[in-house]
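Got your viewer open? Here is a short tour, one selection at a time.

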Amino acid sequence: MREVVTSTLGRRHFLAGVAAGVGTVALSSPLRAAANEEVRIAVLGAGGRGGELARTVHKSVPGAKMVAVADPDEKRAKSLADKVGAKAYTDLRTVLDLDDVDAVVITTCNHWHCLAAIWAIDAGKDVYVEKPLSHSQWEGRQVVEAAKKSGKIVQLGTQQRSDPIQMQAREFLHDDKALGAIQYVQANRLGVRGPIGKRDTPLTPPAEVDYDLWLGPAQDQPIMRNNFHYDWHWDWNTGSGEMGNWGVHILDDIRNVAYQDKVSTPSRMIAAGGRMGWNDAGQTPNVHFALFETEMFPTVIALSNMSIKPDARGGWKVPGGKPMTGPGSGYVVVCEGGYYLGQRGSGKAVDRDGKTIREFKANVSTVPAHLSNFVEAVKSRQSSSLAAPIENGHHSTGWCNLANVAMRCASSYNDDQVRSASDLEAWSAVLDDMHSSLKNYGADVSELKSGPMLTHDPETERFVGENADAANPFLRREYRTGYEIKPVA
């Protein structure tokens with residue numbers, strides 16, 4: 001049965017802020033979980049990720065208890081709640097009004113992450129929000145400011161930050177300087193997916209879904225794909241493409257291990273790619289190559305969801321002029337004296353001849369470790385103990401958002417413009433790899449898109465200079481009435 005929203009202090013504060021035209025933040029609230037008490041958690045979003053985190057809290061996180069599950073899909077909410085001994089709700093606002101909820105774990109669709117987080121903070125809850133933090137860079141900043149003003153504990157779900165090998169690799173590269181100076185980094189997301197179909201008539205949402213609530217901040221647009229759930233990732237209205245889905249993990253690793261979190265967001269970027277070979281309803285690119293310039297050294301990301309050949313197994317190979325491709329979902333830190341190859345759960349350092357110098361491995365299950373880190377911070381009220389504090393997560397998400405902006409500004413492909421953007425030989429090499437792989441599909445490079453070099457000011461979080469007018473509108477979306485994100489007061 002669908003729950004009815006009740007009027008409580010948290011919601012009244014929020015509605016008063018809407019009337020005033022600004023977002024509000026609960027500036028004071030009781031500490032809901034003392035050090036020796038259970039942290040009572042609600043999961044908002046009962047899809048695959050929500051199910052994994054709810055089960056993890058239920059079985060593997062000491063000092064935490066699952067008490068509620070909310071999802072606009074009534075069947076999903078009930079099914080997951082029954083599995084973890086919690087109560088099911090359709091409307092997350094009902095859950096935010098509950099006094100027996102101390103913290104929320106947000107696993108909604110991407111377009112809901114920031115609004116759900118701000119509403120939860122306003123209601124006095126601590127927040128664990130899944131990656132990517134934001135659907136657009138401006139709204140991510142509002143979550144950061146809300147967290148600062150409220151004093152709430154807010155963590156991003158980049159669970160690899162709770163893997164000890166991250167700090168081991170960081171010390172190896174920077175304290176020991178075992179491979180010499182870093183020259184550049186290549187990130188890879190070369191994971192195979194398939195097309196999502198293309199309908200002649202719009203898809204009707206399932207009857208058990210409160211579609212207005214599911215849309216929330218997003219626009220009410222026809223759904224032309226075959227499946228309602230999950231494939232929202234590949235629609236700009238609700239998702240962030242593979243760059244936001246998987247790229248955020250890899251780029252966050254690079255910010256941590258290679259940049260030591262000294263770079264917030266890149267200062268210049270250029271992108272090329274497109275949705276190639278599938279002729280489906282997806283809008284986000286299945287081929288996306290981007291160059292990021294920073295004040296330290298550049299990073300190149302090679303992203304493809306296409307198999308090496310049609311109907312073949314295995315993803316693209318993008319060595320980028322190096323003697324190895326590197327992990328398909330990971331990165332290569334290119335140094336004067338060798339390479340560090342990092343990926344989820346493991347890492348390896350090799351010399352210039354490919355001989356292994358050191359392997360990195362830790363027997364840690366990162367999802368329960370990351371959730372436990374959050375729960376312990378909720379109890380201690382020490383946000384400094386968080387493995388992935390929200391502003392850091394905002395910056396890592398920003399690399400993905402900016403890469404997507406660079407792609408959304410793209411028009412017809414200009415190979416000379418893209419290559420001349422950098423003297424880095426690896427950039428041209430990965431473009432060559434992209435062109436070579438596309439030939440297996442009979443695709444011509446003229447079908448690709450590319451954009452101009454964009455200049456971004458990390459301080460103001462705005463594009464500046466030439467082409468800024470084309471890029472800045474993508475930093476903030478239009479919100480539906482009743483689901484607006486307001487500037488945090």
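How many helices and strands does the secondary structure of the protein come to? Switch to a cartoon view and have a look: the answer is 14 helices and 18 strands. Keep in mind that what you see is a predicted model.

**Stop 1: the whole protein**

Zoom out until everything fits on your screen. Taken along the principal axes, the C-alpha atoms fill a box of roughly 60 × 55 × 45 Å. Is that what you'd expect from a compact globule? With 489 residues, such a globule would have a radius of gyration near 23 Å, and the protein has 22 Å, so the two agree.

Now turn on the surface. Its accessible area comes to about 19,000 Å², and 47% of that belongs to carbon and sulfur atoms. Plenty is hidden from view too: buried residues make up 61% of the 489 residues.

Next, think about how the chain meets itself. Take the contacts between residues at least 6 apart in sequence: 72% of them join residues at least 24 apart.

**Stop 2: colour by charge**

Colour the positive and negative side chains in two colours. You should get 54 positive and 58 negative ones, and the centres of the two sets lie 4 Å apart. Side chains of opposite charge can pair when their charged atoms come close. How many salt bridges does the structure hold? There are 21 of them, and we'll visit a few.

**Stop 3: a pair inside one helix**

Select Lys148 and Glu145. Both sit in helix H6, 3 residues apart, which is about one turn of the helix. They form a salt bridge whose closest N and O atoms are 3.7 Å apart. Glu145 is partly exposed, at 22% relative accessibility.

Now add Arg141, Glu391 and Glu461 to your selection. Together with Glu145 and Lys148, these residues are linked in a network of salt bridges.

**Stop 4: a pair from distant parts of the chain**

Select Arg161 and Asp261. Their salt bridge has its closest N and O atoms 2.9 Å apart. Arg161 is in the loop between strand S6 (154-156) and H7, while Asp261 is in the loop between H9 and S8, so this pair ties together parts that are 100 residues apart in sequence.

Is Arg161 buried or exposed? Arg161 is buried, with a relative accessible area of 13%. Asp261 is partly exposed, with a value of 24%.

Stay on Asp261 a moment, and check its backbone. Its phi is near 60°, a positive value in a residue other than glycine. Most residues other than glycine have a negative phi.

**Stop 5: a pair between two helices**

Select Asp432 and Arg419. The closest N and O atoms of this salt bridge are 2.7 Å apart. Asp432 belongs to helix H13 (residues 425-439) and Arg419 to helix H12 (residues 415-419), so the pair ties together parts that are 13 residues apart in sequence. Asp432 is partly exposed at 40% relative accessibility, whereas Arg419 is buried at 19%. The cut-off for buried is under 20%, so Arg419 falls on the buried side of it.

**Stop 6: two backbone spots**

Go to Lys177, in the loop between helix H7 (164-175) and strand S7 (182-189). What is the sign of phi at Lys177? Phi is positive here, about 50°, although Lys177 is not a glycine. Show the surface again and you'll find that Lys177 is exposed, with a relative accessible area of 58%.

Then move to Pro132, in the loop between strand S5 (126-129) and helix H6 (137-150). Look at the peptide bond that leads into Pro132 from Lys131: the bond is cis, with omega near -15°. Most peptide bonds are trans.

**Stop 7: a buried alanine**

Finish with Ala81, found in helix H3 (residues 74-84). Hide the surface first, because Ala81 is buried at 1% relative accessibility. Which residues is Ala81 in contact with, leaving aside its neighbours within four places in sequence? Select Val69, Ala86, Lys87 and Ala88 to see them.

For a last try with the distance tool, click the C-alpha atoms of Ala81 and Asp220. The two residues are 139 apart in sequence and 29 Å apart in space.

Methods: Residues numbered from 1 in each chain as written. Predicted model: local features only at pLDDT ≥ 70, side-chain atom pairs only at ≥ 80, totals over all residues. Heavy atoms only, no water. Helix = DSSP H or I, 4+ residues; strand = E, 2+ residues; numbered from the N terminus. Buried < 20%, exposed > 50% of the residue type's maximum accessible area, 1.4 Å probe, protein only. Rg over C-alpha atoms; globule rule 2.2 N^0.38 Å. Contact = heavy atoms within 4.5 Å. Areas by Shrake-Rupley, 256 points an atom, 1.4 Å probe, with all protein chains shown as cover. Lys, Arg positive; Asp, Glu negative; His and termini not counted. Charge placed at Lys NZ, Arg CZ, Asp CG, Glu CD. Salt bridge = Lys/Arg side-chain N within 4 Å of Asp/Glu carboxyl O.
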